[in-house]
Amino acid sequence: MSLHRPFLRSPLAPLRLGQLLLGAACWATVAAHKYEGAAHFALFAAVLAWLLALALAGLSLLGRWALVPLLGGRWLLANAAHDLLLGAGLYAAAAGVMGHKAERNSYCNLPGYSQRCLYRAYLAAAVCAALAAALHLLSGLYCLARRCRGHRDIV
């Protein structure tokens, strides 16, 4: 097996890499700190979107998307649907949940507060999720633009 070099030269490759890095930072930040309530959903959403992006990136990098039943022939549309519906939607929801949790814990960011403060962890997770959602939105729009120009493939 060799790498699919046209994919590496396309704008989609750095977008996928950024999605994977920011997604991993998001769910690792949530998982490494105490979480409860809605943060369970944020962790689930971030991990699900990250795993799906990892699968798409791996298949695209190896050029093996034809092996995927039902979606291999529509790989460009499958990428656009994943990025716009699942990726951007799940990460935006995770960013909202973690942003709300950061806002609710903003009181502990005051000087002299001696208890454990999760404000920075929640804020970092919200920022990573929001940036990952933005990258998913960009790559989804890129895939749709290619489709509108008549292309049938991601590269």
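1. Let me start with the lining of the largest cavity: Thr29, Val30, His33, Lys34, Tyr35, Ala39, Met98, Ala121, Tyr122 and Ala125 surround this space. Please keep in mind that the model is predicted.

2. How large is the volume of the largest cavity? The value comes to about 30 Å³. The count of cavities of 30 Å³ or more is one.

3. As for the character of the lining, seven of the residues of the largest cavity are nonpolar, two are polar and one is charged. Lys34 is the charged one, since Lys counts as charged. Thr29 and His33 make up the polar part, as neither belongs to the nonpolar or charged types.

4. Which helices each supply at least two residues of this lining? They are helix H2, spanning 12–32, and helix H5, spanning 119–148. H5 gives the most to the lining of the largest cavity, with three residues. Ala121, Tyr122 and Ala125 are the lining residues that fall within the H5 range.

5. Turning to the outside, you will find a nonpolar patch on the surface, formed by Phe41, Phe44, Leu48, Leu52, Leu85 and Leu86. Together these residues have about 540 Å² of accessible area. Helix H3 (39–62) and helix H4 (75–104) are the elements that give two or more residues to the patch.

6. Which element gives the most to the nonpolar patch? That is H3, with four residues. Phe44, one of the patch residues, lies in helix H3.

Conventions:
Residues are numbered from 1 along each chain as its sequence is written. This is a predicted model: local features need pLDDT of at least 70, side-chain atom pairs count only at pLDDT 80 or more; totals for chains, interfaces and linings use all residues. Side-chain values use heavy atoms; hydrogens and water are left out. On a 1 Å grid over the protein atoms alone, a cavity is a set of points where a 1.4 Å probe fits but cannot get out, and a pocket is an open set with protein on both sides within 12 Å along at least five of seven lines; lining residues have an atom within 4 Å of a point. Grid points are joined across faces, edges and corners, and a volume is the space filled by probe spheres set on the points. Patches are made of residues with over 30% relative accessible area and no salt bridge: like charges are joined within 9 Å, nonpolar side chains (Val, Leu, Ile, Met, Phe, Trp, Tyr) within 5 Å. Accessible areas come from the Shrake-Rupley method with a 1.4 Å probe; for residues, only the protein chains shown count as cover. A salt bridge is a side-chain nitrogen of Lys or Arg within 4 Å of a carboxyl oxygen of Asp or Glu.
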